[in-house]
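Colleague: I would like a close look at one part of a chain, with some words on the whole first. Please keep it plain.

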Amino acid sequence: MARQTPLRAIRGMHDLLPDESARWQQLEDCARAVLERYGYKEMRTPLVEQSELFKRSIGEVTDIVEKEMYSFEDRGGDQLSLRPEGTASCVRAAIEHGLLDQPRRIWYRGPMFRRERPQRGRYRQFHQIGVEVFGLAGPDIDLEVILLTRRLWSALGLTQLRLEINSLGDRAERAAYRDQLVAYLRQYQDRLDDDSRRRLETNPLRVLDSKNPDLAELIAEAPSLTEALGSESRAHFETLCAGLEQAGVAYQINPRLVRGLDYYNRSVFEWITDALGAQGTVCAGGRYDGLVEQLGGRATPAVGFALGIERLLELSQMPPPPSADAYLIAVGEQATAAAIPIAEQIRDALPQLRLLCHCGGGSFKSQFKRADRSGAKVALVLGDDELAEQRIGIKPLRGADGDDPQAKAEQISVSIDALADRLRNFL
Ligand code: HAM
């Protein structure tokens with residue numbers, strides 16, 4: 001048969017290869033540990049939902065719903081979409097399963113799908129870790145959510161992130177501001193680009209979010225949403241700002257921060273870096289007090305955020321952990337036959353140990369090469385002679401100061417029975 005052309009992954013969707021997965025797991029484990037310390041519980045929802053859910057929550061006239069959703073009609077005629085984000089699904093599930101009877105702190109992780117133009121830091125399948133808090137209305141929980149993200153950055157060793165915050169006020173305040181903004185922008189209608197002219201009619205606040213440098217000045221001089229806030233929204237925002245100051249979190253108020261999803265009100269925030277080029281927002285969220293009701297639930301205040309795993313990993317300097325702690329080498333007929341059972345014994349005795357057992361034979365030299373490449377700290381060396389005496393060699397592969405070969409100690413020989421105890425000293 002003629003050789004077939006191999007198929008490739010879909011543009012903007014990436015395979016997570018075995019050599020990269022350890023860094024993903026490290027980040028996910030770290031996030032999970034931090035989230036658990038704040039009392040969050042994980043929820044998993046389907047990747048596919050009714051398209052209507054996203055239209056009603058994210059908004060009909062947003063980029064995501066207008067241009068980016070992977071939507072299709074299934075064989076039964078239902079209109080479905082791959083989820084472009086997690087908040088809508090979380091709210092849908094919380095209503096459906098009656099979770100809104102008491103305050104809840106929920107987190108989730110997984111792939112999201114948006115058909116954006118792929119570029120560095122922007123993918124069509126990307127991965128988020130997100131949190132949603134239901135049933136708490138005050139600025140105290142907004143503050144806690146932001147402090148949680150700060151703790152996560154410090155656990156991940158990330159220092160180059162800055163926090164921008166804003167308040168979008170409540171629905172009535174935003175509607176009044178919208179009129180002011182439209183009146184202002186109408187005066188300059190012919191200076192607007194096509195996209196902004198269209199937004200002016202459909203979703204004028206989004207004009208503030210335009211990345212077009214030609215509009216920067218016009219936008220900078222637009223009336224400010226902050227000025228349009230009523231006393232309650234203002235007090236909420238001021239309490240949040242005071243809490244951030246008290247906790248020593250540096251932040252910048254960005255009155256143009258409006259977010260690309262329609263469900264937000266009051267506090268919104270983004271953690272941004274300059275190290276990733278155009279796609280510098282690694283984490284974003286805010287309050288969305290109206291969404292539960294909008295999706296058919298009882299009015300319930302809510303706040304949350306999501307971080308982009310790919311973007312965070314690109315920033316993180318955490319070295320990947322080695323794939324093994326120890327590598328078992330065996331040369332000789334009896335030793336080779338005994339290697340796998342001995343490896344099992346060692347795994348029974350040391351449940352934390354990551355032990356790679358050499359398979360496929362070969363000389364000591366070639367097996368040592370593999371052992372070295374595995375990143376293991378020690379090689380366990382078994383030959384027929386050692387086996388006859390029920391002994392095994394322990395050969396450190398790395399010095400105390402990393403890879404310095406001079407620092408590597410000599411091989412020692414220990415009885416197989418004592419191996420587990422002796423190994424503990426090396427690891
Ligand atoms: P979002 O701003 O659309 O918010 O996305 C949150 C984060 O996901 C972004 O800051 C970014 O790090 C990452 N992200 C978004 N799109 C892409 C992409 N195409 N490629 C790579 N990474 C991307 C939300 O999704 C809201 N659901 C957050 C939220 C939760 N608000 C309240 N609760």
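Colleague: How far apart are the mean positions of the positive and negative charges of the chain? After that, please look closely at S233: is S233 buried or exposed, and which residues is S233 in contact with, leaving aside its neighbours within four places in sequence?

Modeller: This is a predicted model, and every value below is computed from it. The chain carries 56 positive and 63 negative charges, and the mean positions of these two sets are 2 Å apart.

Now the whole chain. It is built from 15 helices and 16 strands. The C-alpha trace spans about 90 × 65 × 45 Å along its principal axes. The radius of gyration is 28 Å, whereas a compact globule of 427 residues would have one near 22 Å. Of the contacts with a separation of 6 or more, 71% join residues 24 or more positions apart. The accessible surface comes to about 21,900 Å², and carbon and sulfur atoms account for 48% of that area.

Buried residues make up 49% of the 427 in the chain. In soluble globular proteins, nonpolar side chains tend to be buried together. Here the largest nonpolar core has 48 residues, and F134 and L185 touch the most other members. A second, separate core holds 42 residues, among them W24, L35, L148 and I165.

Now to S233, which lies in helix α9, residues 231–246. Buried means under 20% relative accessible area. S233 has 1% relative accessibility, so it counts as buried. Leaving aside neighbours within four places in sequence, S233 is in contact with S167, G169, D170, E173 and R266. By contrast, A275 is 42 residues from S233 along the chain, and the C-alpha atoms of S233 and A275 are separated by 33 Å.

One of the contacts of S233, R266, deserves a second look. R266 is placed in strand β9, residues 265–272. With a relative accessible area of 14%, R266 is also buried, because that value is under the 20% cut-off. Most residues other than glycine have a negative phi. R266 is not a glycine, yet its phi is positive, at about 50 degrees.

Q390 makes a useful comparison. Q390 is not a glycine either, and has a positive phi of about 55 degrees. The setting of Q390 is the loop between α14 (384–388) and β15 (391–396), while R266 sits in a strand. Q390 counts as partly exposed, at 45% relative accessibility, whereas R266 is buried.

Conventions:
Residues are numbered from 1 along each chain as its sequence is written. This is a predicted model: local features need pLDDT of at least 70, side-chain atom pairs count only at pLDDT 80 or more; totals for chains, interfaces and linings use all residues. Side-chain values use heavy atoms; hydrogens and water are left out. Helices (H or I, at least four residues) and strands (E, at least two) are DSSP runs, numbered from the N terminus. The radius of gyration is taken over C-alpha atoms; the globule rule is 2.2 Å times the number of residues to the power 0.38. Buried means under 20% relative accessible area, exposed over 50%, partly exposed in between (1.4 Å probe, protein chains only). Contact means heavy atoms within 4.5 Å. Accessible areas come from the Shrake-Rupley method with a 1.4 Å probe; for residues, only the protein chains shown count as cover. Lys and Arg count as positive and Asp and Glu as negative; His and the chain ends are not counted. The place of a charge is taken as NZ of Lys, CZ of Arg, CG of Asp or CD of Glu. A nonpolar core is a set of buried Ala, Val, Leu, Ile, Met, Phe, Trp, Tyr and Cys residues joined through side-chain atoms within 4.5 Å.
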